[in-house]
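Biologist: Thanks for sitting down with me. Could you walk me through this model, one question at a time?

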Amino acid sequence: MMDSQENTQELGKIEEVQQTPEVAAEVSNDEAKTVKAEKETLTTYKTKKEVIDRLKDIVSGDEAISKEEIDHLKTSFYKIHIAERDAQQKAYLEEGGDPEKYQVTPDEEEEIFKAEMGVIKERRAKLFEEQEKQRQDNLEKKCEIIEKIKNMATSPDEANKSYNDFKELQQQWKEIGSVPPEKSNEVWRNYQLYVEQFYDLLNLNREAREYDFKKNLEAKTKLCEMAEALTESTDVISAFHQLQKLHQEYREIGPVAKDLREQVWTRFKAASTIINKRHQEHFEKLRAQEEDNLVKKTALCEKVEAIGKEENKGAGDWEKHTKEIIEIQAEWKKIGFAPQKMNVKIFERFRAACDDFFGRKAEFFKELKNRFNENVEKKKVLVEKAKALTDSTEWKSTSDKLIALQKEWKKIGIVPKKIGDELWKEFQDACNHFFDARNAANAGTRNEEHTNLAKKKDIIAQMKALAEEKADDLQAKLQQLVDDYSKIGHVPFKEKDKIYKEYHDVLDKLYSELHISIARKRLDNFKNSLKNFAKRGEDALDNERGRLMRRYEQLKSDITTYENNLGFLNASSKKGNTLIDEMNHKIQKLKDEAQLVREKIKAIDSQNQENEDTEEE
């Protein structure tokens, strides 16, 4: 007969390993880690088409699909979808698009994705409903088995008679699937309770008991071998999952001979310990890697935040910093998960820093676009003004207007290159059309101006040579050259100031070096001529003196007039300075002439005094 107490002890030992709260908690944690690890090993999709193709395979096939894969497919699709949408928006803004007018274009692939997901969702909902119904059916079946075993365990005789039925019920129990999770422990405890009661009442012969022990030993030994094989597996996660199934099978197998019981369990437990340790070490490495990933991601956050604080002086700086952030984002994607508690937080920090930068960049380029539009409109106005002057024949005034437009053009800020080049060509063509026409019309005038320049240079050369002459008519020659110079027309505009300065420098030098000596010589000649006036009589001298006095008064009046007019000139312009110089020369000449006349009057007065003294003697 089988030893019911031994059977109970064997079952109790397995239950102790598998069902204690500590072990259950550890298994629960390990399962959570396993789910996470499975997520990390799921297929990586690079395009939305790859995701959709996988969904179509699922829809058209009969394979069971996990919730983790469905969630992974959904996350992968929208990650790619959002990246493409952001790239489209970025390209739109870089081409000068208005951020406020940007609209997201419908995506046909997204509609296909939603349709396929809808089918899968429907199928999963139906499957879940069927699974719930099946679990409920399984619960009812197991409750029926428990009730049957309970009815068998009423007396030793009844137990012995029902042994074969009992073994059949045990087999049926193993074949029945899972029950609702909230009922699982309660059902198992009830089942174990009545199985133990049955064994307590069972009274079989030794041969049957030993046969039972032998079959159980073979089954448990096989489980030990399978567990030991799993210790060599390179797939730690899969080995751990398979071990859980082996444990489930182990506890459902009956007892073995008492002297082998501890030995078999120790062997199975040893293999389990190795697998569990490898599983734990695997997740410890994952945790260490996650901590390292957190450090790396924190450093990338700090880099983006530092870039966000840098000053962007223009579009070049914005593009430079954009390139840097995009490189950092690419580096971010290569880094794995951070610890679960920090994974979302660190991503939100990174995303906020990137969003802040790109938000301010979008605002900058929006303002830049507005300035571009304003500058384009300003340049269009100048183009129209230039075109309106294209056919004008008022060469001087139109030239001034076009030059003013060109200066105004330079003051306007930049515009987009393509339209800027087009506007500049229109503006330049309009200006060139007018200036080409003006140059063609003024070709003869320019030749005449160059001839006048040569004439003025020749007169200047003669004036320089005049300083070396000692002739009596030196002043007359100088005056003739001055008169000839004034009769010559315009010279080329670029040479005007240079030739004017050279002329007046020579003229000033001649006046300063020659004028005093000439005036002295004229006074000496006048004094010598007074003797002839004296011979004519006293009236002749008086008449000459009267004429000189009238001349002197006239010169004084002219000097006053010129000096008054000098005060009305605007000395701020180049033209005003030139006229002032000429007037100053004129006034100085009149003053020199007045001084000479004054000296002549004094000479007459001296001659009259000399004549009176002679008469008295």
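Modeller: Gladly, and one definition first: buried means under 20% relative accessible area, and exposed means over 50%. Please keep in mind that this is a predicted model. With that cut-off, the buried residues of helix 10 include V236, I237, F240, L243 and Y250.

Biologist: Then let's begin with the whole chain. How many helices and strands does the protein chain have?

Modeller: The chain runs to 617 residues, of which 33% count as buried. Among contacts between residues at least 6 apart in sequence, 80% join residues at least 24 apart. As for the elements, the count is 20 helices and zero strands.

Biologist: Back to helix 10 for a moment. How far apart are its end C-alpha atoms, and why does that agree with the expected span?

Modeller: Helix 10 covers residues 236-252, which makes 17 residues. At 1.5 Å a residue, helix 10 should therefore span 24 Å. The model agrees with that, since the end C-alpha atoms of helix 10 are 25 Å apart.

Biologist: Now helix 14. Why do its buried residues line one face?

Modeller: The buried residues here are T398, S399, L402, L405 and W409. An α-helix has 3.6 residues a turn, so residues three or four places apart point the same way. Seen down the axis of helix 14, the buried residues fall within an arc of 125°, so they line one face.

Biologist: Which helices do those buried residues of helix 14 pack against?

Modeller: The face turned away from the buried side carries the exposed residues K396, K407, K410 and K411. The buried residues, for their part, pack against helix 13 (340-388) and helix 15 (417-441).

Biologist: And helix 7: what arc do its buried residues cover?

Modeller: Helix 7 takes in residues 163-175, and its end C-alpha atoms are 19 Å apart, in agreement with an expected 18 Å. Its buried residues are Y163, F166, L169, Q170 and W173. N164 and E175 are exposed and sit on the face turned away from the buried side. The buried set lies on the same side of helix 7, because it covers an arc of only 115°.

Biologist: On to the interior. Which helix gives the largest share of the largest nonpolar core?

Modeller: In soluble globular proteins, nonpolar side chains tend to be buried together. The largest nonpolar core here has 19 residues, and those with the most contacts inside it include L300, V304, W332 and F350. The elements that give two or more residues to this core are helix 11 (258-309), helix 12 (315-334) and helix 13. The largest share, eight residues, comes from helix 13.

Biologist: What is I346 in contact with?

Modeller: I346 is among the residues with the most contacts inside that core. Leaving aside neighbours within four places in sequence, its partners are L294, K297, T298, C301, W332 and A338.

Biologist: I noticed a lysine, K48. Is K48 buried or exposed, and why?

Modeller: K48 is found in helix 3 (residues 48-60). Beyond residues up to four places away in sequence, K48 touches F77, I80, H81, E84, D107 and E109. Its side chain also makes a polar contact of 2.8 Å with the side chain of E84. Because its relative accessible area is 4%, K48 is buried.

Biologist: What about K455: how far is it from Y485 in space?

Modeller: K455 lies in helix 16 (residues 443-466). Its relative accessible area is 46%, so K455 is partly exposed. K455 and Y485 are 30 residues apart in sequence, yet their C-alpha atoms are separated by 8.1 Å.

Biologist: And W424: how far apart in space are W424 and V383?

Modeller: W424 lies in helix 15. At 38% relative accessibility, W424 counts as partly exposed. W424 and V383 are 41 residues apart in sequence, and C-alpha to C-alpha the distance is 8.2 Å.

Biologist: Last one, on the cysteines. How many disulfides does the count come to?

Modeller: C224 is buried, with a relative accessible area of 1%, and C431 is buried as well, at 2%. A disulfide is counted when a pair of cysteine sulfur atoms lies within 2.5 Å. By that rule, the count of disulfides comes to zero.

Technical notes
Residues numbered from 1 in each chain as written. Predicted model: local features only at pLDDT ≥ 70, side-chain atom pairs only at ≥ 80, totals over all residues. Heavy atoms only, no water. Helix = DSSP H or I, 4+ residues; strand = E, 2+ residues; numbered from the N terminus. Buried < 20%, exposed > 50% of the residue type's maximum accessible area, 1.4 Å probe, protein only. Expected span 1.5 Å × (residues − 1). Arc of directions from axis to C-beta. Contact = heavy atoms within 4.5 Å. Polar contact = N/O pair within 3.5 Å; in protein donor to acceptor, adjacent residues only side chain to side chain. Core = buried A, V, L, I, M, F, W, Y, C linked by side-chain atoms within 4.5 Å.
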